[in-house]
Amino acid sequence: MHRALEQAHLAAEAGEVPVGAVVVSAEGDILAAAHNAPVASCDPSGHAEIRALREAGQQCGNYRLEGCTLYVTLEPCMMCAGAIIHARVKRLVYGAAEPRTGMVESKANLLAQPWFNHQVEVAGGVLGPASRKLLKAFFAARR
């Protein structure tokens with residue numbers, strides 16, 4: 001999760017919402033690390049999670065990331081939750097809850113729906129205070 005926070009700091013430095021993500025293999029190797037970049041890439045899907053999942057898929061030569069853990073500093077949105085399920089990520093670990101758009105605990109729990117053929121283990125609140133602090137400082141500076 002510390003690596004994901006490093007990525008979030010990179011996003012903030014680039015003027016992007018400070019969210020970072022890291023994909024780790026079942027063996028403990030970092031497959032990918034990314035930060036938010038929808039503004040810089042002119043890509044609405046340029047969220048940290050999507051970018052990290054894409055890179056990890058390229059590293060593995062497969063879109064299915066079975067056995068992998070995704071660490072992200074902010075609770076995933078609906079788009080990212082869908083990608084997590086589609087990628088067959090084994091475990092999601094996230095920092096801060098996202099009360100407005102979070103789709104893992106805050107607004108809904110998409111990952112726990114019984115109709116999906118894949119279930120994701122979830123651990124929330126890991127380094128949550130550090131993630132929240134970074135987000136609050138970023139938005140306070142913008143106001």
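F116 is partly exposed in this predicted model, with a relative accessible area of 29%, and F116 forms a tilted aromatic pair with W115, the ring centres being 5.9 Å apart and the planes inclined at 50°. The protein chain as a whole holds five helices and five strands, and the points below take up its overall form, its aromatic pairs and two individual residues.

**Overall form**

- Read from the N terminus, the elements of the protein chain follow the order α-β-β-α-α-β-α-β-β-α.
- The radius of gyration of the protein chain is 14 Å, which agrees with the value near 15 Å that a compact globule of 143 residues would have, while the C-alpha trace spans about 45 × 30 × 25 Å along its principal axes.
- Of the 143 residues in the protein chain, 45% are buried, and the chain exposes about 7500 Å², of which carbon and sulfur atoms supply 53%.
- When contacts between residues at least 6 apart in sequence are considered, 55% of them join residues at least 24 apart.

**Aromatic pairs**

- The count of aromatic pairs comes to two, and in the one formed by W115 and F116 the angle of 50° between the planes makes the arrangement tilted, because an angle under 30 degrees would count as stacked and one over 60 as edge-to-face.
- W115 is exposed, with a relative accessible area of 62%, whereas its partner F116 is partly exposed at 29%.
- F138 and F139 form an edge-to-face pair, with 5.1 Å from centre to centre and 85° between the planes.
- Within this pair F138 counts as buried, at 10% relative accessibility, whereas F139 is partly exposed, with a relative accessible area of 31%.

**E49 and its surroundings**

- An unreviewed UniProt entry places the feature "active site" at E49, a residue located in helix α3, which covers residues 48-60.
- E49 is buried, with a relative accessible area of 4%, so it falls below the 20% limit that sets buried residues apart.
- Apart from neighbours within four places in sequence, the contacts of E49 are with A21, L70, V72, L74, P76 and C80.

**S25 and its surroundings**

- Where in the fold does S25 lie? S25 belongs to the loop that runs between β1 (20-24) and β2 (30-35).
- Although it is a loop residue, S25 counts as buried at 10% relative accessibility.
- S25 touches L31, G67 and C68, when residues up to four places away in sequence are not counted.

Notes:
Residues are numbered from 1 along each chain as its sequence is written. This is a predicted model: local features need pLDDT of at least 70, side-chain atom pairs count only at pLDDT 80 or more; totals for chains, interfaces and linings use all residues. Side-chain values use heavy atoms; hydrogens and water are left out. Rings of Phe, Tyr and Trp (its six-membered ring) pair if their centres lie within 6.5 Å; planes under 30 degrees apart count as stacked, over 60 as edge-to-face and the rest as tilted. Buried means under 20% relative accessible area, exposed over 50%, partly exposed in between (1.4 Å probe, protein chains only). Helices (H or I, at least four residues) and strands (E, at least two) are DSSP runs, numbered from the N terminus. Contact means heavy atoms within 4.5 Å. UniProt positions are given in the numbering used here, feature names are shortened, and annotations may be inferred rather than shown by experiment. The radius of gyration is taken over C-alpha atoms; the globule rule is 2.2 Å times the number of residues to the power 0.38. Accessible areas come from the Shrake-Rupley method with a 1.4 Å probe; for residues, only the protein chains shown count as cover.
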